[in-house]
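Trainee: Could we go through this model together? I'd like to start with the overall fold and then look inside.

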Amino acid sequence: MTQKPLQLGFIGLGIMGTPMCLNLIRGGHQLFVHTRGKVPAALADTPATQCLSARGVAERADIIFTMLPDTPDVEQVLFGDDGLALGMSPGKLVIDMSSI
């Protein structure tokens, strides 16, 4: 039985987020990613789709992970201009794994 790859989103591609993304890609999942800075080279050469905003990630992915440095960052990604909340629809899931 072949399982369809999950449509996953990941926001926060720092020292912890990048290795997590790479493992998800190795697992065969389709990733939609966003970060404030430049996408790390390790991810730039993968099939991950780079989105221009958190909203863009939410519009494409069914499950979205965040790995952010602090509470205000999580709040901004969730509810700020072009935040996740604007791209969410019923059945989608956000999992915050930030180490705050």
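Mentor: What follows is a short talk about a predicted model, going from the overall layout to the interior.

Trainee: How many helices and strands are there in the protein chain?

Mentor: The protein chain has four helices and five strands, and, read from the N terminus, these elements follow the order β-α-β-α-β-α-β-α-β.

Trainee: And why does it count as compact as a globular protein of that length?

Mentor: The radius of gyration of the protein chain is 13 Å, close to the 13 Å that the globule rule gives for 100 residues, so the chain is as compact as a globular protein of that length. Along its principal axes, the C-alpha trace spans about 40 × 30 × 25 Å.

Trainee: Okay, going inside: which residues have the most contacts within the largest nonpolar core?

Mentor: That core has 13 residues, and those with the most contacts inside it are F10, L13, C21, L31, V33 and L43. At least two of its residues come from each of β1 (7-11), α1 (17-26) and β2 (30-34), and α1 gives the most, with three residues.

Trainee: What is L31 in contact with, leaving aside its neighbours within four places in sequence?

Mentor: With those neighbours set aside, L31 is in contact with L8, C21, L24, I25, A48 and T49.

Trainee: Which residues does the second core include?

Mentor: The second core is separate and has 12 residues, with I11, F32, L68 and V77 among them.

Trainee: Changing topic, what about charges?

Mentor: The protein chain carries 7 positive and 9 negative side chains, and the centres of these two sets lie 9 Å apart.

Technical notes:
Residues are numbered from 1 along each chain as its sequence is written. This is a predicted model: local features need pLDDT of at least 70, side-chain atom pairs count only at pLDDT 80 or more; totals for chains, interfaces and linings use all residues. Side-chain values use heavy atoms; hydrogens and water are left out. A nonpolar core is a set of buried Ala, Val, Leu, Ile, Met, Phe, Trp, Tyr and Cys residues joined through side-chain atoms within 4.5 Å. Buried means under 20% relative accessible area, exposed over 50%, partly exposed in between (1.4 Å probe, protein chains only). Contact means heavy atoms within 4.5 Å. The radius of gyration is taken over C-alpha atoms; the globule rule is 2.2 Å times the number of residues to the power 0.38. Lys and Arg count as positive and Asp and Glu as negative; His and the chain ends are not counted. The place of a charge is taken as NZ of Lys, CZ of Arg, CG of Asp or CD of Glu.
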